[in-house]
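Let's take a look at how these chains are put together. Have the sequence and the 3D view open as you read.

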Amino acid sequence: MLILDCPCCGVRGEETEFHSGGEAHLKRFGPGSSDDDFHGYLFEKVNPKGVHFERWRHVNGCGKWFHAARCTMTLEVFGTYSAQTLEPPQEIKDKITAKRPGWSWREFS
Amino acid sequence: MSTRLATGGRLLDKSRTLDFSFNGKQLKGVEGDTLASALLANDQMLVGRSFKYHRPRGIVASGGEEPNALVGLGEDGKFEPNQRVTTTELFDGLTCTSQNHWPSLEFDVGILNSKLFARFLPAGFYYKMFIHPRPLWKHVYEPFIRQSAGLGKAPRDRDQDSYEHFYAFYDVVVIGGGVAGLQAAKAAGQAGAKVLLMEQDPHWGGRAPVDGGTIDGQDPQAFVDATLDELKSMDNVTLRIRMMGAGVYDHGYVLGYERVNDHAPSAKGPRHRLWRIRAGQIVTATGAIERPLSFAGNDIPGVMLASAVRDYAVNYGVSIGDRTVVVTNNDDAYLTAITLKEAGLEVPAILDARASGGGALADRARDMGIRVETGKGIASVKGGKRVEGVAICAQAGEGAVLEEIKCDAVAMSGGWSPVVHLWSHCGGKLIWDEAEAMFRPDPEKAPTGDTGEGFVIAAGAANGMFALGEALTDAQSAGEAAAKATGHKGKSGTAPKGEAPSYAAIQPVWMMPQGANIKLRMKAWLDFQNDVKVSDIQLAAREGFESVEHAKRYTTLGMATDQGKLSNINGLAILSDALGQAIPQTGTTTFRPPYTPISLSSIAGNAIGDTFQPIRKTPMHDWHEENGAHWEPVGAWRRPYTFQKSGESVEDAVIREIKQTRESLGLLDASTLGKIIVKGPDAGRFMDMLYTNMMSTLKPGRCRYGLMCGENGFLSDDGVVARIDEETFLCHTTTGGADSIHAHMEEWLQTEWWDWKVYTANVTEQYAQIGVAGPKSRKVLEKLTNDDVSAEALSFMGWTEITVAGIPARVFRISFAGELSFELSVPASHGRALWDALMEAGAEFGVTPYGTEAMHVMRAEKGFIMIGDETDGTVIPQDLMMHWAISKKKEDYLGKRAQEREHMADPNRWKLVGLETTDGSVLPDGAYAVADGTNANGQRNLQGRVTSTYYSPTLDRGIAMGLVHNGPDRMGEVLDFPKVDGTIVKAKIVDQVFFDKDGEKQNV
Amino acid sequence: MKRYSAFAVAREALRNHMGWERAWASPEPKKKYDVIIVGAGGHGLATAYYLGKNFGITNVAILEKGWLGGGNTGRNTTIIRSNYLQDPSAAIYEKSRSLYETLSQDLNYNVMYSPRGVIMLAQTEHEVRGYKRTAHANALQGVSTEFISPQRVKEIVPIINLDGPRYPVLGGLWQARAGTARHDAVAWGFARACSAMGMDIIQKCEVTGVSRDGDKVTGVTTNRGDIACDKLGIVVAGNSGHLADMAGFRLPIESVSLQALVSEPIKPCMDCVVMANTVHGYMSQSDKGEMVIGGGTDGFNSYTQRGSFHHIEETVRALVETFPMVARLKMLRQWGGIVDITGDRSPILSKTPVDGVFINSGWGTGGFKATPGSGWGFAELIAKGHSPLCDEFSLTRFKEGRFIDESVAAGVAH
């Protein structure tokens, strides 16, 4: 039973308030893209054991989507941040580095 | 025999006698009894039969760890199987029956399993037997095994009690109300934390008042009382008895199981209350559980844990026997001997397996004149349904009998195991403490929460701190640490000084005697309920079931209703010994919630029956209910499938509704359709991405039917879009799609195109919507409005605002039935008024309300697709020949790239056509068209399937739509559709529009 | 290998069961094998068994990082059925179900296959149509199912509540020869048979890397040394992505936690499996008498083997609604497993971009029932390079848009 902080409305809520939306920082590939790129975008998820960046929606709250950095092995939440960004905030990356030295996830580390 | 003593019974109010019955026998107990103590007071030691061998089973413990004494409690809608007598408080009028025997508890035919067949039924025997002949497993062996297992009877009736859920939030939750829990709660409370302290029993104080010693020089009970008074006076502390910490879950979630009224079944209020608690920190002060010793005959009724014997004497004034032999490997059991002796009972001997014997308590026992034998153990227990005596042997030997002692009870102690369940539920790790021969929490490896920090602290005996003084100090620091971790820096007091006689070291004894021969090992029980013996674990090890999980699953050790509280440690010690490895190398099985079983009712709470999933209702719901609606569940709604008149069948009602609508006038409650506003300067751009159609070119005042796909290309929803103004679109979705499509829009807006200036709002429930369909629809509308609704003023696929029956409305010239049709949308609060007005005004035209089935049939007659029928998540718009709805001009829309993939762009797909049976019958729902031959897996080749099929009253014949391989190129071909029984229905491929192909009826 | 029989048990009883030999050997790894299977769960062991039995390939090692059968094989709700809608699914699940029929005899190990029947309740008109469609499909696939009336449902399951109040039972899809088996025994039976064929089952052997020569696999590195092989089969539910990563490719898979629970044991009261997909609950009764209840999946990626309690609440509510008598039972134990969910929720049995590496994964919430069929097909794929049972379940189908979507028939975890 996770607890998450919604970075949009500031509410600290439990899992039942939120809806998980899978991997974050997806780069959309539309018409004109290669089969490999499109396949990678739609299906090939990182699915890591450890640090993961993922999307959540505060569905029974403010309704806003946001991103969370979370460990899939311990469920530790390193931080949540706005979904309207292309990469995790440095502050959260630093926090992860302090706790999980040498981590990496897609192009981030 | 077991009986009530004249003295003792600190928890009893002997002035109040309670009547109860056991297997129909009327018995008496007193206020304060548990069902166990009351049964024992009536010399009812035999209370059940074991799972496999149906051996006689007596009460062995005094708490939640009891494996044997389970009864069927209560009757009818209050019947509950497998209720532990040790944790059932006696109440007046209680009725219970013993379990798992036939024909009676005293004489059980199943005992043959034990007497004759036990040697043929070792661990895992069923894996090796019953293999031939094959059908006998299902029809003979398995039913027999199932019938002889299973314990309690199945309840038959609906639960008559009520249950509820609580949400609660605390800084510190302390689980366990013994002296450690009380002290930890006090320390945390004094520091300023908001604290919940729960205790599963109806009494505070745990074992300390039974075991004695002093706290700050006083009797432990005085400490308990004083501390309770202090805690009660603290506003930031909540106290709850009869509440068990059932489970610890991620991020500080604790499940509290409060048995509110189990002890007072006629009282008002819920029977159980499930607390769903968020805790900053959890202190587990859950105590410890005594381990049995593994000697031959340790399962015979009358053999009991030493601490339980003591509990029954002190708490309930009940003696288990007149002559009790105490057998132990530690000092604690001496307390039992001393207690019994002080109560005037005989203790013929204390058999101490330790060659060096005990400490201060041993000296005291000797001083009291009790015979103490060191280095000795029990070779075997004599007796059948009751202990009659014990044979003594040297612990170091192989079981040669030195002496036999007559006795009617045996009090055994194999040492204590901290209750580490709650610590472990969420990943807390354990370490093996060699000196104390126990697993205890590893403070370095606590379960971690959302911050990555530990959130559970074990305290007192649960932390392996058994000595009174140690336990209190440990609890104080646990309480302080928990408060500090939750940001409370107030000053706590200091731990009180606890004093009790010091214990000599325990000596691990996993088998008694240590060299017990196979005959003895086959009689030495580990798991009393599931009949797992020392020899079974050794067999498992010999056969290669070396992992502790393998051994558990192969022998069923620890899988009974007590989940191995008494058996697990002994079992894994035997396994370790058999494998020649250290106990920590073997490890434990996984601890899973709940700590002891909790009622499914309490988990369901009050969201059952009418509140299970509340029904969403349109403003016209009550009218439908009053006018013969035959309901159909659709998503969270109920929609009228049809409106039955008295004496009319469902089928006839549907036919009547269709005919009346096609001939004159019908009304459909379309309020459940999704209605979503999309608004903003970039709304057009956004709509073009959502829909396969070009929506940005739609003119205000006009409607357009649109299709939506997911990014994976499959058709997900459809509906009519109306452009309200330059910046505003109103999107209609399917009933089931309203919420998900709105979420879909928000997801794309917020996570991909967040720079686009668009807002969305789901206004589904803000509007009531009524479809007015049929040749007379304009006439009825004109009766109710002064606005112009002529074909010129409001053409097909147009919309406008009018006032109808005095109500401001939007009217859409759209049609799903293929008739002249208007959809009226009014504020929800006016929905019923408009419905009534339309019914009244329509009376002269023979108006009928119609339901979902008539709607389905009429749309099928027109060849319109239905999401969920023509689509199933595997269909793309191109399959449905809806190329006209897929914009060629747009560079992009959701799903466009996916539809370019090899298989989806393949022209050779199954495509939508109409189907007409050659004999006019109705094609079966879901039938497939077969092709010649079979595929590589021997399955019949297919070339199509039915997606919608109905009897059309308009055409008086069966009509259907289906997806057929290259169907549109094969008009006129006849296909074979086998029924489930293999008979063939032949159907011809035809145009999917069966009725009014040119749309003349809707376009007037 | 000594045969198991009632006679053998009786003979052993006379010597106090001291003569039983190990069910499977515990060898040291050799330097090289023809085939290495990573993962000694049911599917991995079944694959090895059929490699030996059907193709004579016995120079096989099955590597297991923990204890055999310790993953989802030992954590599922033991349901076996093959009433699937789509042809490729029905083919492999029916093959599996038919293998279960004689598995005890084939393995000389009683896996307690109990064809007690499975009912999937139809509680909306939409489900009625969906299950009628499945019944038609099944008839053509050689899978025996029928759509039955509510009255017939009640006859088969007397404890059911037909009348809602929320969702009335409108009928059900009944597969009489579906049922349950003892999950652990399936793994143990296969393990014993593999060991008897001379295969090496190596427990506590964790694969830490996959060795390649260019695009060709050459072996694995493990905590017990390097082991060479010609072919490598990865069958590690819950760790598929991790192993694929080692081999150098990525899977269309996400791993989530799936929960289940059992009640305390009671005398027999339900002699079939009932699945109620509208309310998201399903239940059967084990031979021990426990009601075995399947729960839902957590929505987020997790490798914790435990789940969130609200899913348990939802499941229990659905069951109290469907079977009112369960309200008076108690939950004995709840647990979780890690399931690999693919893009279309159907499994992957496929070659991979690495020559010689084969992947068997993505069974989601329903892998146990497929155990022998999956092993049968995957063994053929490894031995011959293709298999009719596996060909449609290729890794490339997502790129081609060739999905095998069963959500039409059963949109719920099971």
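## Chains C and A, side by side

In chain C, 69% of the 414 residues are buried. Keep in mind that this is a predicted model. Chain C is built from eleven helices and 18 strands. Among its contacts with a separation of 6 or more, 76% link residues 24 or more positions apart.

Now for chain A. Here buried residues account for 38% of the 109 residues. Chain A has two helices and six strands, and if you walk along from the N terminus, the elements come in the order β-β-β-α-β-β-β-α. Of the contacts between residues at least 6 apart in sequence, 50% join residues at least 24 apart.

Here are the box sizes, roughly, for the C-alpha atoms along the principal axes:

| Chain | Box of C-alpha atoms |
|---|---|
| Chain A | roughly 40 × 35 × 25 Å |
| Chain C | roughly 65 × 65 × 40 Å |

Do those chains fit what you'd expect of a compact globule? For 414 residues the expected radius of gyration is near 22 Å, and chain C has 21 Å, so the two agree. For 109 residues the expected value is near 13 Å, and chain A comes in at 14 Å, which agrees as well.How many residues of chain A are in contact with chain B? There are 24 of them, and they meet 23 residues of chain B. Helix H1 of chain A (residues 35–42) supplies the largest share of chain A's side, three residues. Sorted by class, that side of chain A has eleven nonpolar, six polar and seven charged residues.

Notes: Residues are numbered from 1 along each chain as its sequence is written. Chains are lettered from A and ligands numbered from 1 in the order in which they are written. This is a predicted model: local features need pLDDT of at least 70, side-chain atom pairs count only at pLDDT 80 or more; totals for chains, interfaces and linings use all residues. Two residues are in contact if their C-beta atoms, placed from the backbone, lie within 7 Å. Helices (H or I, at least four residues) and strands (E, at least two) are DSSP runs, numbered from the N terminus. Ala, Val, Leu, Ile, Met, Phe, Trp, Tyr, Cys and Pro count as nonpolar, Asp, Glu, Lys and Arg as charged, and the others, Gly among them, as polar. A residue is buried if 20 or more other C-beta atoms lie within 10 Å of its own, exposed if 12 or fewer, and partly exposed in between; C-beta atoms are placed from the backbone. The radius of gyration is taken over C-alpha atoms; the globule rule is 2.2 Å times the number of residues to the power 0.38.
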